[in-house]
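Let's take a walk through this one side chain at a time. Keep the viewer open and click along as we go.

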Amino acid sequence: MNEMKNFHLFTFILLELIICALGKENKRLLLNDPDVIGARFANLEHQNQLLNQKYMDLMSKMTEMEARIQHQDQMITTSQNHGSTYIRWGRTQCEGTHTELVYSGYAAGQPYRHITYTTRYGGPANTLCLPKDPELSNISFTGGWSYLFGAEYQLNGFAPDSADNDVPCAVCRNTNASSSIMIPGRQSCYTGWIKEYNGRLASGHEGEAASSYTCVDNNPEYIPSGEKNENGHLFYLVGFKCGPLPCPPYHGNHHVNCVVCSK
């Protein structure tokens, strides 16, 4: 019995050795086969072409991404270097979104009538925002051709105790906008615009010197110690006049709203 087992084991081992030898011989035959070698080289060439194409695609995408990043950097730099300015009349600070204070100061303009010649109404019409820290010239001014007077509220209509108080102002810059407008007759902005502040429209008196329209904040402040009635550059409320204006949509003898918007 043991001899039979040994014989079968010997036969099995011999068959395994023959199979291994035949396998190695087949591999040698395949490696020495020109068709097999050519096919393998062709496959390697194809894989190389695919890798080159992937590399070129990646380089193209990288170049595109670098261009996008550079464009974004330029946009960020541009946004940091641009902005839109406006004057907030009647206040000393800026409160709008993305808004910074450039400076605050005093509203001023030409007097409501000429100092000496009360029937003369020439001169500039615009209202200025003078800074609190002027840099003065060293040249004396002796003529009476043109003076800047501080502005004051002429009525209590701006606030319950606004009459004869002096008008402050603030120059503001919206760092996220490229344009700002004052819209008379509205207290809200149109779609796509951001409200900086709203208030009531003011100007000089129609029977006095020429003036400009300004939008005085709904909650005006006053310059400290400026309540004395000096009658310099005066702010009056503005109303609508039906007839020359279509009514509706406007309404006669109503105060005119205003709003400053940025975009």
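What follows is a tour of the disulfides, salt bridges, ring contacts and a surface patch.

Keep in mind that this is a predicted model. With that said, let's begin with the cysteines. A search of the whole structure turns up five disulfides. Counting the bonded cysteines along the chain, their pattern reads 1-4, 2-3, 5-10, 6-9, 7-8.

Pull up the bond between cysteine 94 and cysteine 172, where the sulfur atoms sit 2.0 Å apart. The torsion about this S-S bond is -90°, and the link of cysteine 94 and cysteine 172 is left-handed. Cysteine 94 is in the loop between E1 and E2, while cysteine 172 is in strand E5, so the bond ties together parts 78 residues apart in sequence. How buried are the two ends? Cysteine 94 counts as buried at 16% relative accessibility, and cysteine 172 counts as buried at 0%.

Next, look at cysteine 189 and cysteine 261, again a disulfide, with an S to S distance of 2.0 Å. Here the torsion about the S-S bond is about -100°, so this disulfide is left-handed. Cysteine 189 comes from the loop between strand E6 (180–184) and strand E7 (194–203), and cysteine 261 from strand E10 (residues 257–262), so parts 72 residues apart in sequence are tied together. Cysteine 189 is buried, with a relative accessible area of 17%, and cysteine 261 is buried too, at 0%.

Now for cysteine 242 and cysteine 247, which a disulfide joins at 2.0 Å, S to S. With -100° about the S-S bond, the link of cysteine 242 and cysteine 247 is left-handed. What about exposure here? Cysteine 242 is partly exposed at 33% relative accessible area, and cysteine 247 is partly exposed at 32%.

On to the charged side chains, where the count comes to five salt bridges. One of them brings arginine 88 and aspartate 217 together, at 2.9 Å from N to O. This pair links distant parts of the chain: arginine 88 belongs to strand E1 (residues 84–89) and aspartate 217 to strand E8 (residues 214–217), 129 residues apart. Are these two charged residues buried or exposed? Arginine 88 is buried, with a relative accessible area of 5%, and aspartate 217 is buried as well, with a relative accessible area of 5%.

Another salt bridge joins glutamate 95 to arginine 91, with their closest N and O atoms 3.4 Å apart. Glutamate 95 counts as exposed at 54% relative accessibility, whereas arginine 91 counts as buried at 16%. These contacts don't stand alone: Arg88, Arg91, Glu95 and Asp217 are linked in a network of salt bridges.

Then find glutamate 100, which forms a salt bridge with arginine 173, the closest N and O atoms being 2.9 Å apart. Glutamate 100 is in strand E2 (residues 99–109) and arginine 173 in strand E5 (residues 168–174), so the contact ties together parts that are 73 residues apart in sequence. Glutamate 100 is partly exposed, with a relative accessible area of 37%, while arginine 173 is buried at 18%.

Time for the rings. The model has four aromatic pairs. In one of these, tyrosine 153 and phenylalanine 158 have ring centres 5.2 Å apart and planes at 45°, so the pair is tilted. Tyrosine 153 counts as buried at 0% relative accessibility, and phenylalanine 158 counts as buried at 6%. Tyrosine 153 also pairs edge-to-face with tyrosine 222, at 5.8 Å centre to centre and 70° between the planes. That contact links distant parts of the chain, with tyrosine 153 in strand E4 (residues 149–153) and tyrosine 222 in the loop between E8 and strand E9 (233–237), 69 residues apart. Tyrosine 222 is partly exposed, with a relative accessible area of 24%. Put together, ring pairs link Tyr153, Phe158 and Tyr222 into a cluster.

A ring takes part in another kind of contact as well: arginine 186 lies over the face of tyrosine 190, at 4.2 Å from the ring centre.

Last stop, the surface. Tyr55, Met56, Met59 and Met62 form a nonpolar patch there, with about 420 Å² of accessible area together. Methionine 62 is found in helix H2 (residues 34–81), and counts as partly exposed at 46% relative accessibility.

Key:
Residues are numbered from 1 along each chain as its sequence is written. This is a predicted model: local features need pLDDT of at least 70, side-chain atom pairs count only at pLDDT 80 or more; totals for chains, interfaces and linings use all residues. Side-chain values use heavy atoms; hydrogens and water are left out. A salt bridge is a side-chain nitrogen of Lys or Arg within 4 Å of a carboxyl oxygen of Asp or Glu. Helices (H or I, at least four residues) and strands (E, at least two) are DSSP runs, numbered from the N terminus. Buried means under 20% relative accessible area, exposed over 50%, partly exposed in between (1.4 Å probe, protein chains only). Patches are made of residues with over 30% relative accessible area and no salt bridge: like charges are joined within 9 Å, nonpolar side chains (Val, Leu, Ile, Met, Phe, Trp, Tyr) within 5 Å. Accessible areas come from the Shrake-Rupley method with a 1.4 Å probe; for residues, only the protein chains shown count as cover. Rings of Phe, Tyr and Trp (its six-membered ring) pair if their centres lie within 6.5 Å; planes under 30 degrees apart count as stacked, over 60 as edge-to-face and the rest as tilted. A charge sits over a ring if NZ of Lys or CZ of Arg is within 6 Å of the ring centre and within 35 degrees of the ring normal. A disulfide is a pair of cysteine sulfur atoms within 2.5 Å.
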